[in-house]
Amino acid sequence: MSARESYNQTLRLLQEHHRWFQENIPLIASENVSSLAVREALASDFGHRYAEGWPGERVYAGCTYIDKVELLCIDLMKKLYNAEFVDVRPISGVVANLVAYTAFTEPGDVMMALSIPCGGHITTGKRRLGGTAGAVSGLDVRYLALDYKELNIDIDRTKVRVQKLVDEGKSPRLVMFGASVFPFPHPVKELAETFKDLGVIIGYDAAHVAGLIAGGVFQDPLREGADFVNLSTHKTFFGPQHGTVLSWNKHADKIKRATFPGMVSNHHLHALAGVTIACAEMMEFGRDYAQQVVKNAKALAQALHERGFEVLAEHKGFTESHVFLVDVTQYGDGGSIEETLEKANIIINRNLLPWDIKEGRHFMHPGGIRLGTSEVTRIGMKGSEMVEIAEFISRTVIKKETGDKVKKDVTEFRRDYQNIHYCFEENSEAYKYISIR
Ligand SMILES: *Cc1c(COP(=O)(O)O)cnc(C)c1O
């Protein structure tokens, strides 16, 4: 392909991607769509600049306007989360976690977190799994206990594990609450004393639930004992892809230093401007949005359950957040079902169930699928649409309808949901391709 053809081809593929996302049902729990204002920020000149250091104390010139935006971002984040100290420079959730490991631990320290099959993220993974905590920060990762039925951290068994570590002379230095499968608030308050008595730093990874916490519908980890809370700004939050650390003044110096010069040189200033706009949107629309996200998750889980799917945690109403898990072992495996649904224009992702590894299943062909309702909520869907989506999923997975009929019906259904909601621009197209050439 010539240079000119490659250039044209890339732009064509971007446009095709946009067209596809106007026609499909986006149910990936870690994804969302941002407003046109946020996307305008992403296309701005901020994306060409550096601003190493702290606003007002930069080691780069040309930061006059960048500083104003960053200070505004910090201010809005403080208000949204009632936080004393905020560092908005980490460029993603992974980098925010690296900042925390650098600020609060030394290689060889013990960290407790959920294992990956139990909903933990690769950033809290062990060294032998290539996880960030183990392989990059040299931490000795030990697991919090999960109650499989409740789909939440088991308080008593976790206390036993902590005591055992203390008895072995391996007292933890850090505990990370939070997860990538996060249907119910974690028992931070219930375990805070156990950890604090041992001098353990309490972290909370809110990558998935940042928008729900800002919207006031999930737990409030800083009030429940967390030393820091890490965000991704693009899962349930309204931003572009970026990260943030929320904490207390007593930890400010360590976190600032771990971020720069530790983890970032440039900190994606165009994204930072987008996050600032997203914070303003959260302040204005966050509560209504977050309430609807949770309502939609419960409604979609219920409608799938009524069609015969084995949605986990039925006795607790399936979820209190944006996300829930479905055991699909009756119909195949999570990997093949992910593919089948994608052919019908329904985008979900495969996911390990907590007991999958013990039963011999692995990540490529796990027993579950994970569904989230942030993005479908942002494009204006409510309870009745969740029932329609459940029916499309049922036709594909349970009734095994073949051919293009479901895809055609999904595309038709999606025509009515083209605009983005919970933002300052009314009637704006969510998946509009913005050309500035
Ligand atoms: C997604 C996720 C992250 C990583 O976030 P990025 O912003 O993609 O780097 C970290 N922790 C948890 C629990 C997550 O689910």
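Colleague: By class, how many nonpolar, polar and charged residues does the shell around the ligand have?

Modeller: The shell has three nonpolar, nine polar and two charged residues. Gly is counted as polar here, while Asp, Glu, Lys and Arg make up the charged class. Keep in mind that this is a predicted model, where local features need pLDDT of at least 70, side-chain atom pairs count only at pLDDT 80 or more, and totals for chains, interfaces and linings use all residues. Residues are numbered from 1 along each chain as its sequence is written, and side-chain values use heavy atoms, with hydrogens and water left out.

Colleague: Which of the 14 residues around the ligand come nearest?

Modeller: Those are Gly 93, Ser 180, Asp 205, Ser 232 and Lys 235. Being near takes a heavy atom within 4 Å of the molecule.

Colleague: What makes the pair between the ligand and Gly 93 a polar contact?

Modeller: A polar contact is a pair of N or O atoms within 3.5 Å. A ligand oxygen is 2.7 Å from a polar backbone atom of Gly 93, so the pair meets that cut-off. The side chain of Lys 235 has an N or O atom 3.0 Å from a ligand oxygen, and for the side chain of Ser 92 the value is 3.3 Å. Taken alone the ligand exposes 380 Å², and the protein buries 86% of that (Shrake-Rupley areas, 1.4 Å probe).

Colleague: Why is the protein chain called as compact as a globular protein of its length?

Modeller: Its radius of gyration, taken over C-alpha atoms, is 22 Å, close to the 22 Å that the globule rule (2.2 Å times the number of residues to the power 0.38) gives for 437 residues, so the description fits.

Notes
A polar contact is a pair of N or O atoms within 3.5 Å; within protein, one must be able to donate a hydrogen and the other to accept it, and residues adjacent in sequence count only if both atoms are side-chain atoms.
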